[in-house]
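Colleague: I'm new to reading models like this one, and I'd like a close look at a single part. Could you take me through chain B, slowly and in plain words?

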Amino acid sequence: MNDSLISYTLHLADTTLILSQKNSEWCGHGPILEQDIAITNISLDLLGQSRNFYQYAAALTGGDATEDSLAYLRKEREFKNLLLVEQPNGDWAQTILRQYLFSQFQYLLFDKLQTNKDEQIAAITTKALKETAYHVRWSSEWVIRLGDGTEESHTRMLKALDELWRYTGEMFMPAGYEKETGIDINSLKDPWLKKVKNIFDEATLILPEKVFMQEGGKKGNHTEHLGYILAELQYVQRTYPGAKW
Amino acid sequence: MFREPIPGQNGETLHFPKGRLIKIMDKEILSFKQEQKKLWSILETVTDPEVPVLTVTDLGIIREVKISDDEIEVIITPTYSGCPAMDMIAANIKMALLENGYQKIKVTSVLSPAWTTDWMSLEGKRKLKEYGIAPPDPKQQVCKQELFAADEAIQCPHCNSWHTHRISEFGSTACKALYQCDDCKEPFDYFKCH
């Protein structure tokens, strides 16, 4: 039980950390100042959430484990994040869509985890849910603005959808440790699809059907992108082990 | 630093009920209640490094102060999961207590119950406005998830006009959104409800 709880906590920690890292790449590069600030604020929220999860995972693991050792010293195959969040930023449309598809899922998931029997998971997600509500609102407004915007923005959203949709199925395919922690992840699929369809209708986008869904992230089988992300994220601790500042 | 029981003024030993902790400092005998009062008044001097007009007690992030035989434990809760000011706030709390003669101090962060802007004091809200930041609205409308919801009426902290509009949901720090006044044209921060 404890092992699966650690794995599940790490899955939540890794997913929020990697999306935070990807979003932070927009710092100083956002399309306009306010949106640059918005995406990096979301990045900061996600980083805070991931720290809470890592601290808890470290406490459960015991020994020398710390939030830093878990984030900086685990290898690619040990990371359990969703494939969706490690996908490239692409253009603004792709970043927005990735954020929306994830935030909408995260909102439903954390809403459920608020009442989890594990008190710390419940506490972390209750806190994070308030932040996630802002992420959902902000990103869904952007999905509509771009989808129902100009021909150019609509085309870019279609391209982003084509890139990212195949990574959404994994969110609802339970890993072994998810089953063992008693979280019925599959039950979130229909509510999620319903929410996404509402937004897509407004955004004049069509919900893709019959797309082959990729999976593996939860088990440590990642797309080629994660290695590059970790190479950057872990560089200092790998090059100067134990460096402090 | 803390002793129980302590000698009384007439030389006899005074016994205090279990759980009532007594401290002797500067020959001053403080009851548990006075001790708490003193600790809270010290905490009232610790400010938020990002919004320096607010103290940690105005923000409502101090949840409890525990006094045990040899240790003061201050329980704090973060405003936002990723609030970068929390480490500094914890350090400042320790400093303030050290300066006041306390030696063994522990600052513990807890997440539950989750912080809400409802815990911000009225005095805190008044100070925020004076500082030029619109205080959080008591009615938690902005927290709702509905998209393109009609912008909540936020009062301009400069000219008090209600004709304002939201520029961005996210502002200079995680806890603020960016607004502009349509009358005096000044942009301002709004401490968003949470």
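Modeller: Here is a walk through chain B, with a short look at its partner at the end.

Keep in mind from the start that this is a predicted model. For the complex, the predictor gives an ipTM of 0.81 and a pTM of 0.87. Chain B itself has a mean pLDDT of 81, and 78% of its residues reach 70 or more. The start of the chain is another story: over residues 1–27 of chain B, pLDDT stays under 50. The model does have 33 contacts beyond four places in sequence for that stretch. Still, where pLDDT is low, the predicted coordinates should not be read in detail. Let's leave that stretch alone, then, and look further along.

Now for the overall make-up. Chain B has 194 residues, and buried ones make up 33% of them. Its secondary structure comes to 4 helices and 11 strands. If you take the contacts in chain B between residues at least 6 apart in sequence, 48% of them join residues at least 24 apart.

Chain B is divided into two domains: domain 1 covers 31–109 and domain 2 covers 117–191. Their C-alpha centres lie 27 Å apart. The two domains do touch, with 11 residues of domain 1 of chain B in contact with 12 residues of domain 2 of chain B. On the domain 1 side of that contact you'll find 6 nonpolar, 3 polar and 2 charged residues.

Let's start with a piece of domain 1. Find strand β5 of chain B, residues 62–68, and strand β6 of chain B, residues 71–76. These two form a hairpin, with 2 residues between them. They pair in the antiparallel sense, over 6 bridges. To see one pairing for yourself, pick out I62(B): its bridge partner in β6(B) is I76(B). If you wonder what holds such strands side by side, strands of a sheet pair through backbone hydrogen bonds, either parallel or antiparallel.

Moving along the chain, look at the loop between β7 (105–109) and α4 (122–131) of chain B, where P113(B) is found. The peptide bond joining S112(B) and P113(B) is cis, with omega about -5°. Why point that out? Most residues other than glycine have a negative phi, and most peptide bonds are trans.

Next comes the sheet of domain 2. How many strands does this open sheet have, and in what order do they come? There are 4 strands, in the order β8-β11-β10-β9 (chain B), and the pairing is mixed. At the edges stand β8 (133–134) and β9 (164–168) of chain B, each with a single partner strand, so one side of each is left without a neighbour in the sheet. The partner of β8(B) is strand β11 of chain B, residues 187–191; 2 bridges join them, and they run parallel. Within this pair, I133(B) stands opposite D189(B) in β11(B).

Just before β11(B) there is another backbone oddity. K185(B) sits in the loop between β10 (176–181) and β11 of chain B. Although K185(B) is not a glycine, its phi is positive, about 70°. Is K185(B) buried or exposed? K185(B) has 10 C-beta neighbours inside 10 Å, so it counts as exposed.

Finally, how does chain B meet its partner? Across the interface, 24 residues of chain A are in contact with 19 residues of chain B. On the chain A side, the elements that give two or more residues are α2 (33–61) and α5 (119–147) of chain A. α5(A) gives the most, with 14 residues. By class, the chain A side divides into 11 nonpolar, 6 polar and 7 charged residues.

While you're over in chain A, have a quick look at helix α9 of chain A, residues 225–233. Its buried residues are L226(A), I229(A) and L230(A). Seen down the axis of α9(A), these fall within an arc of 95°, so they line one face of the helix. On the other side of α9(A), Y228(A), A231(A) and E232(A) are exposed. What covers the buried residues of α9(A) includes α1 (2–24) of chain A.

Notes:
Residues numbered from 1 in each chain as written. Chains lettered and ligands numbered in written order. Predicted model: local features only at pLDDT ≥ 70, side-chain atom pairs only at ≥ 80, totals over all residues. Pairing = 2+ DSSP bridges. Contact = placed C-beta atoms within 7 Å. Nonpolar A, V, L, I, M, F, W, Y, C, P; charged D, E, K, R; others polar. Domains from an automatic or database assignment. pLDDT = per-residue confidence, 0-100. Buried ≥ 20, exposed ≤ 12 C-beta atoms within 10 Å, placed from the backbone. Arc of directions from axis to C-beta.
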